[in-house]
Amino acid sequence: MLSFATWNVNSLRVRLAQLGLWLGANAIDVVALQETKLSDEDFPHAEIEALGYRAVFSGQRTYNGVAILSRLPLQATVAGLPGYEDPQRRVIATTVGAIRLINVYVPNGQSVGSDKYAYKLAWLVQLERFLAQQLSEHERVLMVGDFNIAPQDRDVHDPASWQGSVLVSEAERAAFGRLTDHGMSDLFRRFEQPGESFSWWDYRQGAYRRNRGLRIDLMLASPGLAPLCRYCRIDREPRTWERPSDHAPCTAGFDLSCVGA
DNA sequence: ATGGTGGGCAGCCCA
């Protein structure tokens, strides 16, 4: 079984110790991180190596930043969306054995109708283009990350109050639908899950304690990979720790014995 | 109640 995870750590520097604890306790082979908020010069190579992982990353100071940590060798790493100039570091893709992994930090969008919302929708068009290209080259594609979109109302603690808001708006869900139209399967929904399962809770007003969250951290697999998935779950435990990220990690395991990996 | 909390970097920006 090969285990993958995705986690928006909201500052890798602040969350490094928690990440180490969590990786060690959960036997994670590959983890995709978002919001590392570190320039590449400041990436904590030594600390990550000491945890037993190698890393590829595309970072910037203060905002955004993505990384992939792996116990296995990585090949053919690409940062960004080819053909789309974007100073914001939000995508890194690499090959781990038999799987093409795409790690994304989708723009938040701020509010419906804002400039950032327009950027989010334009960015998602470019992501779809990249996904289509990757699917044409790779049979087993795993796209994970912070999508900043709750796919369905059951991924929202109070759909009525969120109706039409950023993270759930029709245009965002339509853009997400154009990803799943390529056959990408939301792995979490392939399995029986507890009700009210979310992956992000605002820091404010005791949102976590009241489970007022959204499920926006997702793991999507191509038709050649999804049937090999044996579990997918959200681990809330790190969200209960002192000084947590506002996101919980999500993990999935794959049985790749049939592809000789 | 257009607030509230947290991260980063220097009085705000972003989530």
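This is a chat about the sheet, the aromatic pairs and the salt bridges of a predicted model.

Q: How are the strands of the open sheet ordered?
A: The six strands run in the order β5-β6-β7-β8-β12-β9, and the pairing is mixed.

Q: Which strands stand at the edges?
A: Those are β5 (75-79) and β9 (185-186). Each has a single partner strand, so one side of each is left without a neighbour in the sheet.

Q: And how does β9 pair with β12, parallel or antiparallel?
A: Antiparallel, over two bridges, with β12 covering residues 217-221. In that pairing, S185 stands opposite A221 in β12.

Q: What holds paired strands together in general?
A: Strands of a sheet pair through backbone hydrogen bonds.

Q: Which strands does helix α3 lie across?
A: Helix α3 (residues 115-137) lies across β6 (91-96), β7 (99-105) and β8 (141-146). Its direction is at about 175 degrees to β7.

Q: What about α5, which of its residues are buried?
A: In helix α5 (residues 170-180) they are E172, A175, F176, G177 and L179. What covers them includes α3, β8 and β12.

Q: New topic. How many aromatic pairs are there?
A: The structure holds five aromatic pairs. One of them is F4 with F254: the ring centres are 5.7 Å apart and the planes are at 85 degrees, so the pair is edge-to-face.

Q: Where do F4 and F254 sit in the chain?
A: F4 is in strand β1 (residues 2-8) and F254 in strand β14 (residues 250-254), 250 residues apart. F4 is buried, at 1% relative accessible area, and F254 is buried at 1% as well.

Q: What is the geometry of W201 and Y208?
A: That pair is edge-to-face, with 4.8 Å centre to centre and 85 degrees between the planes. W201 is buried, with a relative accessible area of 0%.

Q: Now salt bridges. How many does a search of the whole structure find?
A: Nine. Among them is D153 with R173, at 3.0 Å from N to O. D153 lies in the loop between β8 and α4 (159-162) and R173 in helix α5, so the pair ties together parts 20 residues apart in sequence.

Q: What does D155 form a salt bridge with?
A: With R189, the closest N and O atoms being 2.6 Å apart.

Q: Are those two buried or partly exposed?
A: D155 counts as buried, at 0% relative accessibility, whereas R189 is partly exposed, at 25%.

Q: Which residues are joined into one network?
A: Salt bridges that share partners join D155, D186, R189 and R215.

Methods: Residues numbered from 1 in each chain as written. Chains lettered and ligands numbered in written order. Predicted model: local features only at pLDDT ≥ 70, side-chain atom pairs only at ≥ 80, totals over all residues. Heavy atoms only, no water. Phe/Tyr/Trp six-rings, centres within 6.5 Å; stacked < 30°, edge-to-face > 60°. Helix = DSSP H or I, 4+ residues; strand = E, 2+ residues; numbered from the N terminus. Buried < 20%, exposed > 50% of the residue type's maximum accessible area, 1.4 Å probe, protein only. Pairing = 2+ DSSP bridges. Contact = heavy atoms within 4.5 Å. Axes fitted to C-alpha atoms, helices over the stretch in contact; angles between N-to-C directions. Salt bridge = Lys/Arg side-chain N within 4 Å of Asp/Glu carboxyl O.
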